[in-house]
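Welcome! Below are a few exercises with worked solutions. Have the structure open beside you and try each task before reading on.

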Amino acid sequence: MNVEMWVRALKAARAGAEVSQEALASLTKWSPSTVAAIETGRRRPTMEFAVAADEALATGGLLAELLKAADQERGPSWFVPWRGYEQQATRLRAFEACLVPGLLQTEEYARAVISAGGLHPPAVVDELVAVRLERQLLLSRSMPPYCVFLVDETGLHRPVGGPAVLDAQLGRLLEVADLPFVRLHVIPLSVGEHVGFGGGFVSADLPDGDRVLYLENAARGHVIDDPEILRLIDRKWDSLLGEALSTSASMDLIRKLKVTP
């Protein structure tokens, strides 16, 4: 299943229900231009749209299931399980030692990170960037997860993509930090050594009360729910948060580093 097949399924369902493109837009509360962009492949459908279309066309959840299958084919196979947990999470806690977290990256910053070293052909880079940007849609949901981000100050100095890209990325951090469900803390260079040198991690609290971790090494990422490792990461998180600046002081630091107003 791919997105092109999903679009064909949508068109078939719409035709079977004798619902025009404009009528579908009205029923789903999406704009006609958005529906047209989805049906012509200019915009990738979101799960929210698929669910709304299922309700409007009385397909019994078919479009949502097909889109879920299509999404599972995108990006590295080892990352698929984490994407599901990330979308379900009620709280996310993320630490990055040398970069801006993926959920907060601008398109240009993400492209520079993913294309570094020429490890992927251009088409794969485009796909991975698209997946990363789609993950960020959870920050604009009506009920987003509560998010806490810890970023080492080194990641705010590294000119990923060049000075202009970094400057725009710093502006993006200031925007996201204003969201009521987001807290952003910076661990200043003055701290020196800390327990995060081993690498970044993300912890997700799930609706059923369970927790999972996402850890990466040089080759791939891993989803982990081992209680012992969860406890270790909790201790690291507490230590890192204790070393970090307050949210207001973190924003002041980012503003000082930003070149343009």
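**Exercise 1. Find the aromatic cluster and describe two ring pairs.**

Step 1. W6, W30 and F49 form one aromatic cluster. Here rings of Phe, Tyr and Trp (its six-membered ring) pair if their centres lie within 6.5 Å; planes under 30 degrees apart count as stacked, over 60 as edge-to-face and the rest as tilted. By this rule, the count is five aromatic pairs.

A word on the model: it is predicted, so local features need pLDDT of at least 70 and side-chain atom pairs count only at pLDDT 80 or more, while totals for chains, interfaces and linings use all residues. Residues are numbered from 1 along each chain as its sequence is written, and side-chain values use heavy atoms, leaving out hydrogens and water.

Step 2. A pair of aromatic rings is described by the distance of the centres and the angle of the planes. For W30 and F49 the centres are 5.5 Å apart and the planes stand at 85°, so this pair is edge-to-face.

Step 3. Now place the two residues. W30 sits in the loop between helix 2 (21-28) and helix 3 (32-39), and F49 in helix 4 (residues 47-57), so the pair ties together parts that are 19 residues apart in sequence. Helices (H or I, at least four residues) and strands (E, at least two) are DSSP runs, numbered from the N terminus.

Step 4. Check how covered they are. Buried means under 20% relative accessible area, exposed over 50%, and partly exposed in between (1.4 Å probe, protein chains only). W30, at 24% relative accessibility, counts as partly exposed, while F49, at 0%, counts as buried.

Step 5. Turn to another pair. The ring centres of F95 and F201 are 5.7 Å apart with planes at 40°, so the pair is tilted. F95 belongs to strand 1 (residues 91-96) and F201 to strand 4 (residues 201-205), so parts 106 residues apart in sequence are tied together. F95 is buried with a relative accessible area of 1%, and F201 is buried with 4%.

**Exercise 2. Work out how helix 3 is covered and what it packs against.**

Step 1. Six of the eight residues of helix 3 are buried, so read it as mostly covered. They are T34, V35, A36, A37, I38 and E39.

Step 2. These buried residues pack against helix 1 (3-16), helix 2 and helix 4. Contact means heavy atoms within 4.5 Å.

Step 3. Look just past the helix: G41 follows helix 3 and has a positive phi, near 80°.

**Exercise 3. Describe how helix 6 and helix 8 lie relative to each other.**

Step 1. The axes of helix 6 (residues 80-88) and helix 8 (residues 122-135) come within 11 Å and cross at roughly 25°. Axes are lines fitted to C-alpha atoms, for helices over the stretch in contact, and angles run from 0 to 180 degrees between N-to-C directions.

Step 2. Helix 6 and helix 8 are therefore roughly parallel to each other. The cut-offs are these: angles under 35 degrees count as roughly parallel, over 145 as roughly antiparallel, 65 to 115 as roughly perpendicular and the rest as oblique.

Step 3. W82, R83, E86 and Q87 of helix 6 meet V131, E134 and R135 of helix 8 in this contact.

**Exercise 4. Trace the sheet: in what order do the six strands come?**

Step 1. The six strands form an open sheet in the order 3-2-1-4-5-6, with mixed pairing. Two strands pair if DSSP finds at least two bridges between them.

Step 2. Strand 3 (182-187) and strand 6 (221-224) are the edge strands, each pairing on one side only. From one strand to the next, the twist averages 10°.

Step 3. Follow strand 4. Strand 1 and strand 4 pair in the antiparallel sense over five bridges, with R91 opposite D205. Five bridges also join strand 4 to strand 5, and these run antiparallel; the bridge partner of D205 in strand 5 is R211.

Step 4. In a regular strand the side chains alternate between the two faces of the sheet. In strand 4, F201, S203 and D205 point one way and V202 and A204 the other way, and all are buried.

Step 5. Finish at the turn: the hairpin of strand 4 and strand 5 has five residues between the strands, and G209 takes a positive phi near 95° there.
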